[in-house]
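Here's a quick look at some aromatic rings and at one place where two chains meet. Have the structure open as you read.

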Amino acid sequence: MSEATVDVFDPRRVKRLAGRHRVWSTFAGNKVALVALGVYGVFVFLAIFAPWLGAHPNDVDASAFLKGPSADHLLGTDQLGRDVLSRLIAGCRVDLVAVLEALGIAAGIGIPVGLFSGYVGGWVDVAVARVADAVLAFPSLILAIGIVGILGPGLTQAMVAVGVVLTPRFFRVARSCALAAAREGFVEAAIADGCTTRRILFRYVLPEASGPVLVQTTYSIGYVIAAEASLGFLGLGVRPPQASWGSMIAQGFAVVRQSSYLVIPPSLVVIVAVSAAFLLGDGLRDAIHSSTSRRQ
Amino acid sequence: MLARTAGEGAPLLQGSDEALLRVEGLTVDFGGVRVVDDVSFELMRGRTLGLVGESGSGKSVTARAILGLVATGGRIAAGSVHFQNRDLVRATRHELREIRGRDIAMIFQEPRRALDPSFKIGTQIAAVARRHLGLGKAQAWKHATQLLSEMRIPQAALRMHDYPHQFSGGMCQRVMLAMALVASPKVLIADEPTTALDVSVQARILELIREIQVERDLSVLFISHDLGVIAEMCDEVAVMYAGHLVERAAVESIFGHPRHPYTQALLDSLPQRGVGRFHQIRGTIPMPGEWPSGCRFAPRCDFAEPRCSAPERVALVEAADRHLARCVRTAELDLEGVE
Amino acid sequence: MLRASVRRIVSIVPTLVLVVFMSFILQAATPGDAARIIAGPLGSETEIARIRDELDLNKPLVVQFGDYIWRIVHGNLGVSALTGIRVTKTIFDAIPVTMSLVLVALSFALILALTGGVLAALRRNTWVDRVITGTAAVGLAVPAFITGVLLVLVVAVQLRWLPATGYAYLSDGFWPWLSHLILPGLALSLVSASELTRFVRSSFVDTLDRDYIRAAEAYGLSALTVVGGRAAKNAAAPVLTVFGLQVGRLLSSAVVVEGLFSIPGFGTLAFQSAINRDIPLIQGVVLVAAGFVMLMNLLTDLLYPVLNPRLRD
C-alpha cells in the first residue's frame with residue numbers, strides 16, 4: 001500500500017534527477033572526456049558494423065607482403081599479405097566481445113554480491129570481504145594466466161579469467177556504496193514499510209551505487225582492453241587466424257627487424273583505447289563528485 | 001585641537017627612543033586583489049606594539065610581509081620595511097634568511113601545527129641554533145635544552161627527545177618561544193600566540209612573554225583580535241580595518257579616548273563592559289576586493305554621514321598629540337573609551 | 001607499536017588460508033579430467049590412472065585440501081607435470097632473475113618519480129608541471145609490453161645501443177647483466193613511475209603547504225633543509241605505501257615483458273605453465289606470487305609507523 005504512494009511522488013527521485021542533470025552538465029564541460037567518449041563511439045560503431053564496412057581481415061593479397069601504407073591498403077599489409085586496417089577493425093569487434101564477457105562476469109557477480117554484503121553487514125560481510133581481499137592478493141595478470149592455463153586457451157576463457165580478476169573491484173565499489181546507503185533515511189523508511197530486502201537493494205540501494213559503479217566500469221574497460229592485448233600478445237587469447245590487437249603486435253614484433261612499421265598501428269590503437277577509457281573514467285568521476293558535493 | 005594631516009609615513013615619536021623596525025606604506029596584493037593597504041607603524045626598542053583587527057583586516061598578512069613570508073600568490077606591491085639600515089622589502093632571499101630567526105623571530109597562532117610532527121622538538125630547536133649561531137650538534141642541543149628550561153618546561157633535557165604530538169598546546173607554544181629566542185633576536189613578532197589556547201594557559205604564556213621581553217630587552221609586535229590581551233601586553237596600539245590602519249596611539253589613549261568609531265565599537269563589544277551591554281558591531285567586515293570607496297567602516301558606523309564616503313580615500317590625520325586616526329569626523333567626535 | 005604490529009601480522013592469516021585454498025581449488029576447477037590434462041595428449045590410460053593415484057585425485061576434496069596444506073607447510077609444492085622437476089626448485093631458480101628485473105624497474109621508477117614529482121611540485125602550475133603531469137597521465141595507459149616493443153624498436157633495432165632480448169647472469173659480468181635489464185626494466189617501470197610521479201607530486205604539494213614548513217622558513221632554514229630534509233621525510237610516508245603496492249603490478253607486467261624479452265624468470269614460468277596446462281606448476285606459481293605480494297604489503301604496513309612518529313603509540 002505504501003509502495004504506491006512512494007512511487008507517485010518520490011522526493012528522492014526528484015533529487016536524483018536534479019543530481020543527474022548536474023552530473024551531465026559538469027561532464028559536458030569536460031572537453032577531454034567528451035573526446036574520449038567520441039573515440040569510444042567510433043570504436044563501438046566499427047565493432048558493430050565491421051562486416052558491412054568492407055573489412056577483409058583474413059584475405060591474403062599475394063602481391064603485397066609487409067608493405068607500407070598504399071592506396072589499396074590504407075595502413076599497409078602484414079607478413080602474410082593481410083590488410084592491416086581490416087584487421088584492426090576486426091580487432092574492435094573482438095575487444096567489444098571481450099569487454100562484454102569480462103565485465104559481464106565481473107559486474108554480474110561483483111555488484112549484486114557487493115550490494116548484498118554491504119547492506120547486510122555482520123559476519124557475512126566480513127567473510128565475503130575477506131574472500132575478495134584474498135582474490136586481490138594475487139597479481140592480476142598472473143591469476144588470469146593461471147585461470148587460462150586451467151581452462152585452456154581461447155578468447156572466452158581468457159575473458160572469464162579477466163572477469164574473475166575484476167570481480168573483487170566491483171564488489172568493493174558496490175559494497176562501500178551499500179554501506180553508505182544503508183544508513184540513509186529513506187532506506188530505514190523502506191524497511192519500516194516492510195519492503196523485502198531484494199526490493200530495497202534494487203530500488204533504493206542500487207541507484208545510489210550507480211555513479212561509482214559506472215566510473216569503475218569505465219576504468220575496467222581500459223583494463224580489459226589492456227589485458228586482452230597482453231594475453232593476445234602471449235598467444236593465450238584469441239586463436240589464429242582471428243585478429244586481435246594484441247596478437248597483431250606479436251606478429252609485428254616477430255618481424256621487427258625487417259619492418260619497423262608493422263607494430264605501430266596496433267600499438268597506437270591500444271594506447272588510444274586504454275587512454276580514452278581512463279580519461280573517460282576521470283571525467284565521469286569528477287562529474288559525479290561535483291554533483292554529490294553540491295547536493296549538501 | 002587642530003587636526004593636522006600628518007604624512008603617511010611620519011614617525012610617531014621623535015627623539016631619543018630608537019625605532020628598531022619601521023614599516024612605511026606597506027601594501028600587499030594577492031592575485032591583483034589588495035589585502036594590505038598603505039600600512040605604516042614603528043616598533044620602538046624594548047616596547048610592545050599591538051596590531052588589532054578582526055579576521056580579514058589584513059593584520060596577519062602584514063606581520064608575515066615584514067619577514068617576506070607572503071603566501072604563494074601574494075606580493076608586496078609597495079612600501080618599505082626598515083630594519084637595521086636595510087629595507088627588507090628589497091632584500092635578497094639570502095639576506096632575508098639570515099634575518100629570519102636571528103634578528104627577527106616569529107611565533108604563530110597554532111603552535112602545534114607550526115612544529116614538524118616527524119622530528120623531535122629538540123632537533124627542531126637545535127636546528128635553528130646551528131643555523132644562526134654556527135654551533136655544533138652537541139653544543140646546539142645544550143643551548144636548546146637551556147632555552148627550553150628557561151621557558152619553564154620541566155625536565156627540559158628529557159623532553160627534548162619528545163615529539164610535538166606529545167605536548168599540550170600551551171607547552172607547544174613554549175617550545176615555539178624557545179625556538180624563537182634561541183638566537184637572541186631583537187624583535188619578536190607574535191601572531192595571535194594565545195588565541196588557540198585555553199584561557200588559563202593564555203595568562204601564563206602572556207606572563208612568560210612579558211618576562212622575556214623585560215629580561216632580553218626585546219621589542220614585540222603583538223597581533224591579536226582580542227582587545228583585552230592587547231590592553232595587558234602593549235605599550236602602543238595600531239588598529240587595522242579592511243587593509244587600512246585606522247588608528248594608532250599609545251595604549252592609554254586608545255582605550256581612554258579613542259578617535260575612531262571602529263575602535264570605540266571594538267571597545268564596546270568587550271564582554272567586561274558591564275552586564276547587559278553586549279554590543280556586537282552590526283554588519284560584517286568587507287572582504288578584500290569589496291572595499292567601498294571613502295571610509296571603509298562607514299557602512300557599519302554609528303556616526304557615519306554622507307561626506308564620510310565622499311573622498312576616494314580617507315587620510316590618516318593626527319587627531320591628537322601622537323594619536324593618528326583615519327576618520328573624516330575625528331575632530332568632531334567625542335568618544336568615551338573605556339577604563 | 002609492538003602490539004599493533006603483531007596484530008597486523010596475525011591479520012593476514014585468514015587471508016593466507018583463503019589464498020592457499022584458492023590455489024588448491026584451481027585443480028578442482030579444471031574442466032574435464034585434471035589427470036588427463038596433466039598427462040597430456042599422449043598419455044595412456046594407465047598413465048592417467050597413475051597420475052590420479054599419485055595426486056590423490058580420488059580422495060574427497062577436504063582430505064585433498066588437508067594434504068595440500070600439509071605439503072605446503074613442508075615446502076613441497078608438487079612436481080611439474082611437464083618436466084617432472086619439483087615445482088619449488090623451478091620457481092626458486094626463476095625468482096632471482098625476476099628479482100633482478102624488478103629491482104632495476106623499481107629503481108628506474110623511483111628515480112623517475114622522485115625527480116619528476118618533486119620538480120612538478122616545486123614548479124607547480126608552470127609548464128614544467130604540466131608537461132610532467134601530462135606525460136604521467138599518458139604513461140599510465142600504456143601497457144608495459146607495448147612500451148617494451150617500442151623501446152626495442154627504437155633502441156635495439158634502429159639505434160643498436162642495447163641488446164634486444166635475452167638475459168645474462170650476474171656471474172657473467174656486471175655490464176652484460178645490467179645491459180640486458182635496462183630495456184625490460186624501463187618498460188616495466190613506466191606505468192609504476194607514472195603513478196608514483198603523480199603521488200610524489202601531490203604528497204609534496206600537500207607537505208609544502210603545511211604550516212610547519214612555513215614556520216621553518218620563518219626561522220631562516222635554508223631551502224635545501226626544508227625541502228630535502230623536512231618535506232621529504234613527511235612526504236615519504238604516503239609515497240611508501242603506494243610504492244609497496246607496485247610490486248603486485250610489476251609481477252603481473254613482468255609476465256608479458258619477460259616473454260617479450262625472452263627473460264627466463266618467474267613471469268615466463270607463469271606463461272609457460274599456462275601454455276602447457278601444467279597444473280601443479282600453475283598452482284605453485286599462483287600461490288608464490290600471492291604470498292609474495294602479501295609479504296610486501298605486510299612489510300609496507302609495518303614500516304609506516306617508523307616514518308610517521310604519530311602512529312607509534
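Are A:Tyr40 and A:Phe43 buried or exposed? Both residues are buried. Keep in mind that this is a predicted model, so what follows is read off computed coordinates.

## Rings in chain A

Let's start with the wider count: searching the whole structure turns up 14 aromatic pairs over all chains. One of them joins A:Tyr40 and A:Phe43, with the ring centres 5.8 Å apart and 75° between the planes. That angle makes the pair edge-to-face, since planes over 60 degrees apart go by that name. The two residues share helix α3 of chain A (residues 31–49), where they sit 3 residues apart, or about one turn of the helix.

A:Phe43 also has a ring partner in A:Trp245. Here the centres are 5.7 Å apart and the planes meet at 50°, so the pair counts as tilted. Why does this pair tie together parts that are 202 residues apart in sequence? Because A:Phe43 belongs to helix α3 of chain A, while A:Trp245 belongs to helix α10 (residues 245–254) of that chain. A:Phe43 and A:Trp245 are both buried.

## Rings in chains B and C

Over in chain C, you'll find a cluster of rings: C:Phe21, C:Phe24, C:Phe65 and C:Tyr68 are linked by ring pairs.

Chain B offers a charge over a ring instead. B:Arg159 lies over the face of B:Phe167, at 4.3 Å from the ring centre.

## Where chain B meets chain C

How many residues of chain B are in contact with chain C? The count is 26, and they touch 20 residues of chain C. Put together, the two chains bury about 2,100 Å² between them, with carbon and sulfur atoms giving 57% of that area. On the chain B side, the residues that lose the most area to chain C are B:Pro117, B:Ser118 and B:His165, which together make up 24% of what that side buries.

As for charges and polar groups, there are 0 salt bridges between chain B and chain C. Polar contacts do turn up across this interface, in 5 residue pairs. Four elements of chain B give two or more residues each to the side that touches chain C: β6 (104–107), α3 (111–114), α4 (121–133) and α7 (169–181). Which of them gives the most? That's α4(B), with 5 residues.

Technical notes: Residues are numbered from 1 along each chain as its sequence is written. Chains are lettered from A and ligands numbered from 1 in the order in which they are written. This is a predicted model: local features need pLDDT of at least 70, side-chain atom pairs count only at pLDDT 80 or more; totals for chains, interfaces and linings use all residues. Side-chain values use heavy atoms; hydrogens and water are left out. Rings of Phe, Tyr and Trp (its six-membered ring) pair if their centres lie within 6.5 Å; planes under 30 degrees apart count as stacked, over 60 as edge-to-face and the rest as tilted. Buried means under 20% relative accessible area, exposed over 50%, partly exposed in between (1.4 Å probe, protein chains only). A charge sits over a ring if NZ of Lys or CZ of Arg is within 6 Å of the ring centre and within 35 degrees of the ring normal. Contact means heavy atoms within 4.5 Å. Buried area is the accessible area (1.4 Å probe) that two parts lose on being put together, summed over both. A salt bridge is a side-chain nitrogen of Lys or Arg within 4 Å of a carboxyl oxygen of Asp or Glu. A polar contact is a pair of N or O atoms within 3.5 Å; within protein, one must be able to donate a hydrogen and the other to accept it, and residues adjacent in sequence count only if both atoms are side-chain atoms.
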